[in-house]
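Here's a quick walk through one model, covering its cysteines, its charged pairs and some of its secondary structure. Have the coordinates open as you read.

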Amino acid sequence: TLAFIGDSLGRQQFQSLMCMVTGGKERPDVEDVGKEYGLVKPRGAIRPNGWAYRFPSTNTTILYYWSACLCDLDPLNITNPATEYAMHLDRPPAFLRQYLHKFDVLVLNTGHHWNRGKLKANRWVMHVGGMPNTNRKIADIAGAKNFTIHSIVSWVNSQLPEHPRLKAFYRSISPRHFVNGDWNTGGSCDNTTPMSIGKEVLQDESGDYSAGSAVKGTGVKLLDITALSQVRDEGHISQYSITASRGVQDCLHWCLPGVPDTWNEILFAQL
């Protein structure tokens, strides 16, 4: 069982792997086993919190669970639909704690949801040690993200002795390529020539400092995709999204087939 847990870039890596394994074709023998992991569409929701598919011929399961911040989210008042949520920066998602014993390969990621706008829109309130956070170092977004990545990697590392067959990876951040503005201010990525901004990666450390430092000295491996994806600014969805509005480009997510396929090739080389 191979599990991806993370944000929409984690979902793209899962979708890429599903397409690589099936050859992009509908396969009648592939079983939807989402129910086994509680991954069913809640009433009124657009989609479930993830998907799980089993390939009976090899007894392989590939699954994805949506966790944008990679920490545990808890409603502060269950009876109030507009309640705020405690985001426990030092606690792994409940899904990960519940199903870790079933996984052979785990790939974690987070990153692009760590901004004030997202936290406010989601009504997320930072908690540490079960209480609202009062530590100023953690209170800024970069500090909170860094603290969370270190906390979750450390927790997974602490579980490895109990799960000796588990291979755990933390995937470094996927780069954005907005030029002349951001996603909501007319930013674009109109280049169509692969690697016109650079053809090779020459560095010893990861371009994602938080990821690189979090895995140091642990049994969790770094799946480092930041620098190699950086040179592929033409590989994004750009204006070709199904739901694109005029003048709005997606320079964060990738076209598939595309760059995330390479992330999976590197993952398999490591396995």
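How many disulfides does the structure hold? Just the one, and keep in mind that this is a predicted model, with one disulfide in the structure.

## The cysteines

The disulfide runs from Cys189 to Cys251, with the two sulfurs 2.2 Å apart. It links distant parts of the chain: Cys189 sits in the loop between β10 and α6 (209-215), while Cys251 belongs to strand β13 (residues 250-254), 62 residues apart. Both Cys189 and Cys251 are buried. As for handedness, the torsion about the S-S bond of Cys189 and Cys251 comes out at about -90 degrees, so this disulfide is left-handed.

Now look at Cys69 and Cys71. You might wonder why Cys69 isn't bonded to Cys71. The closest cysteine sulfur to that of Cys69 is in Cys71, 3.2 Å away, and that's too far for a bond, because a disulfide needs the two sulfur atoms within 2.5 Å. Seen from the other side, Cys71 is in no disulfide either, the nearest cysteine sulfur being that of Cys69. Cys69 is buried, at 1% relative accessible area, and Cys71 is buried too, at 2%.

## Salt bridges

Searching the whole structure turns up eight salt bridges. One to look at is Asp72 with Arg91, where the closest N and O atoms are 3.9 Å apart. Asp72 lies in strand β5 (residues 72-75) and Arg91 in the loop between β6 (85-88) and α2 (94-99), so this pair ties together parts that are 19 residues apart in sequence. The partners differ in how much they show: Asp72 counts as buried because its relative accessibility is 7%, whereas Arg91 is partly exposed, at 29%. There's a network here as well, with salt bridges linking Asp72, Arg91 and Arg97.

Asp104 and Arg165 also meet through their side chains, at 2.5 Å from N to O. This pair links distant parts of the chain, 61 residues apart: Asp104 is in the loop between α2 and β7 (105-108), and Arg165 is in the loop between α5 (141-159) and β10 (167-171). Asp104 is partly exposed, with a relative accessible area of 23%. Then there's Arg27 with Asp29, whose closest N and O atoms are 2.9 Å apart. Arg27 counts as partly exposed at 29% relative accessibility, and Asp29 gets that label at 30%.

## A four-stranded sheet

Asp72's strand takes us to the sheet. Four strands make up an open sheet, ordered β5-β6-β8-β9, and the pairing is mixed. At the edges are β5 and β9 (131-132), each pairing on one side only.

Follow strand β8 (residues 124-128) to its partner β9: they pair in the antiparallel sense over two bridges. Val128 stands opposite Met131 in β9.

## Helix α8

Does the length of helix α8 (residues 259-270) agree or disagree with what its residue count predicts? At 1.5 Å a residue, its twelve residues should span 16 Å, and the end C-alpha atoms are 17 Å apart, which agrees.

Which residues of α8 are buried? They are Val259, Pro260, Asp261, Trp263, Asn264 and Leu267. For reading that pattern, remember that an α-helix has 3.6 residues a turn, so residues three or four places apart point the same way.

Note on methods: Residues are numbered from 1 along each chain as its sequence is written. This is a predicted model: local features need pLDDT of at least 70, side-chain atom pairs count only at pLDDT 80 or more; totals for chains, interfaces and linings use all residues. Side-chain values use heavy atoms; hydrogens and water are left out. A salt bridge is a side-chain nitrogen of Lys or Arg within 4 Å of a carboxyl oxygen of Asp or Glu. Buried means under 20% relative accessible area, exposed over 50%, partly exposed in between (1.4 Å probe, protein chains only). The expected span of a helix is 1.5 Å times one less than its number of residues. Two strands pair if DSSP finds at least two bridges between them.
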